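Biologist: I've never looked at this one before. Could you walk me through how to read it, one feature at a time?

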Amino acid sequence: MKLNGTSLNTPPIKEITNLSNFSVDDIGDEHLSTSLDTPLREDAFEMDDELKIELIEKHFREIMHVLGLDLTDDSLKGTPRRVAKMYVQEIFSGLNPANKPKVALFDNKYKYNEMLVEKDITFHSNCEHHFVPIFGKAHVAYISSGKVIGLSKINRIVQFFAKRPQVQERLTVQIANELKEALQTEHVAIVIDAKHMCVSSRGVSDVNSTTVTAHYSGKFQEEATKQEFLKYLQLS
Ligand SMILES: [Zn+2]
């Protein structure tokens, strides 16, 4: 998954609020999405996690049953509960704002005014159209506005937004926006290079392609700054 330096500048997700002209299969295969915000209902967190796990367990057991699986088998009988716990506590835990990393800002005491690049942040997410993994690397940079955050927080912000049903373009912009807010700066860049299991293990079954998305704002929209960032990404 090496960057070839020809990353694409992601156009902002168009606010298509209605996909009714597209078939269900088209929406999935073209990975169309409707908004920058993850489409959540207003009552999304009225149920607590324990109740969510209980309900998902019940429904997942039903899915397995419909598929014809024998749920009395020792290997399978715990699967519905395992899947339910994994959904709520792990791979979709980033849906819940309560799990958002708390970010503390520090003064930029070293007066370090160059860009800071945090690269090769490995993440795992899931495609919202197929519920199968998207995984890859995020490369993030910012130029301090006088404040800095702990490096591990950048990683945690990436992981938080990855742990949702996602489309890669939205993941890219959500991370960028959160960094701008957390760091109180407009000067943020992000490149994501990822593999989509829904492309490699089904559908067109392309095992080699990766998808690159990027978002540049503030000084990173200037060509020289952008190129400096992209040059760092090629160092290995
Ligand atoms: Zn997909």
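**Reading the fold step by step**

Modeller: Let's begin at one spot: Asp 120 has its place in strand 2. Keep in mind that this is a predicted model.

Biologist: Okay. Is Asp 120 buried or exposed?

Modeller: You count how many other C-beta atoms lie within 10 Å, and 12 or fewer means exposed. Asp 120 has 12 of them, so it counts as exposed. Its backbone has something to show as well: phi is near 55°, a positive value in a residue other than glycine.

Biologist: Which residue in the loop between strand 2 and strand 3 could I look at next?

Modeller: Try Phe 131, which lies in that loop. Phe 131 isn't a glycine either, and its phi is positive, at about 55°. With 13 other C-beta atoms within 10 Å, Phe 131 is partly exposed.

Biologist: Let me zoom out, then. How many helices and strands does the protein chain have?

Modeller: There are 7 helices and 7 strands. The order along the sequence tells you how they are arranged, and here the pattern reads α-α-α-β-β-β-β-α-β-α-β-α-β-α. As for extent, the C-alpha atoms fill a box of roughly 65 × 40 × 35 Å along the principal axes. Of the 236 residues, 28% count as buried.

Biologist: And what share of the contacts join residues at least 24 apart?

Modeller: Take the contacts between residues at least 6 apart in sequence: 70% of them join residues at least 24 apart.

Biologist: Now the sheet. What is the order of the strands in the open sheet?

Modeller: Read it from one edge to the other: 5-2-3-6-7, five strands with mixed pairing. The edges are strand 5 (165-166) and strand 7 (211-216), and each has a single partner strand, so one side of each has no neighbour in the sheet.

Biologist: How do I see the mixed pairing?

Modeller: Compare two pairs. Strand 2 (residues 115-127) and strand 5 pair in the parallel sense over 2 bridges, with Cys 127 bridged to Gln 166 in strand 5. Strand 6 and strand 7, by contrast, pair in the antiparallel sense over 6 bridges. On that side, Ala 189 stands opposite Tyr 216 of strand 7.

Biologist: How many of the 6 residues of strand 7 are buried?

Modeller: 5 of them are, so strand 7 is largely enclosed by the rest of the structure.

Biologist: Which helix lies across strand 2, strand 3, strand 5, strand 6 and strand 7?

Modeller: That's helix 5 (residues 168-183), and it runs at about 150° to strand 6 (188-196). Leu 171 is a good residue to click on there, since you'll find it in helix 5. Leu 171 has 25 other C-beta atoms within 10 Å, so it is buried.

Biologist: Which residues does Leu 171 touch?

Modeller: Leaving out those up to four places away in sequence, Leu 171 touches Ser 125, Phe 161, Ala 162, Gln 166 and Ile 192. You've met Gln 166 already, as the bridge partner of Cys 127. You can also compare distances along the chain and in space: Leu 171 and Val 158 are 13 residues apart in sequence and 8.5 Å apart, C-alpha to C-alpha.

Biologist: How do I describe two helices that pack together?

Modeller: Two packed helices are described by the angle between their axes and the distance between those axes. In this case, helix 2 (residues 49-66) and helix 3 (residues 79-91) pack at about 135°, with axes 8 Å apart. Angles over 145 degrees would count as roughly antiparallel, and helix 2 and helix 3 are therefore oblique to each other. Helix 2 passes helix 3 in a right-handed crossing. Among the residues making the contact are Ile 53, Ile 56 and Phe 60 of helix 2, and Val 83, Ala 84 and Tyr 87 of helix 3. By class, this contact has 9 nonpolar, 2 polar and 6 charged residues.

Biologist: One last stop: where does Ser 93 lie?

Modeller: In the loop between helix 3 and strand 1 (105-107). Ser 93 has 17 C-beta neighbours inside 10 Å, so it is partly exposed. Its contacts, not counting residues up to four places away in sequence, are Val 88, Asn 99 and Lys 163. Ser 93 and Asp 49 are 44 residues apart in sequence and 9.7 Å apart in space, C-alpha to C-alpha. Asp 49 is also one of the helix 2 residues in the contact with helix 3.

Key: Residues numbered from 1 in each chain as written. Predicted model: local features only at pLDDT ≥ 70, side-chain atom pairs only at ≥ 80, totals over all residues. Helix = DSSP H or I, 4+ residues; strand = E, 2+ residues; numbered from the N terminus. Buried ≥ 20, exposed ≤ 12 C-beta atoms within 10 Å, placed from the backbone. Contact = placed C-beta atoms within 7 Å. Axes fitted to C-alpha atoms, helices over the stretch in contact; angles between N-to-C directions. Parallel < 35°, antiparallel > 145°, perpendicular 65-115°, else oblique. Left-handed = near helix turned anticlockwise from the far one by under 90°. Nonpolar A, V, L, I, M, F, W, Y, C, P; charged D, E, K, R; others polar. Pairing = 2+ DSSP bridges.
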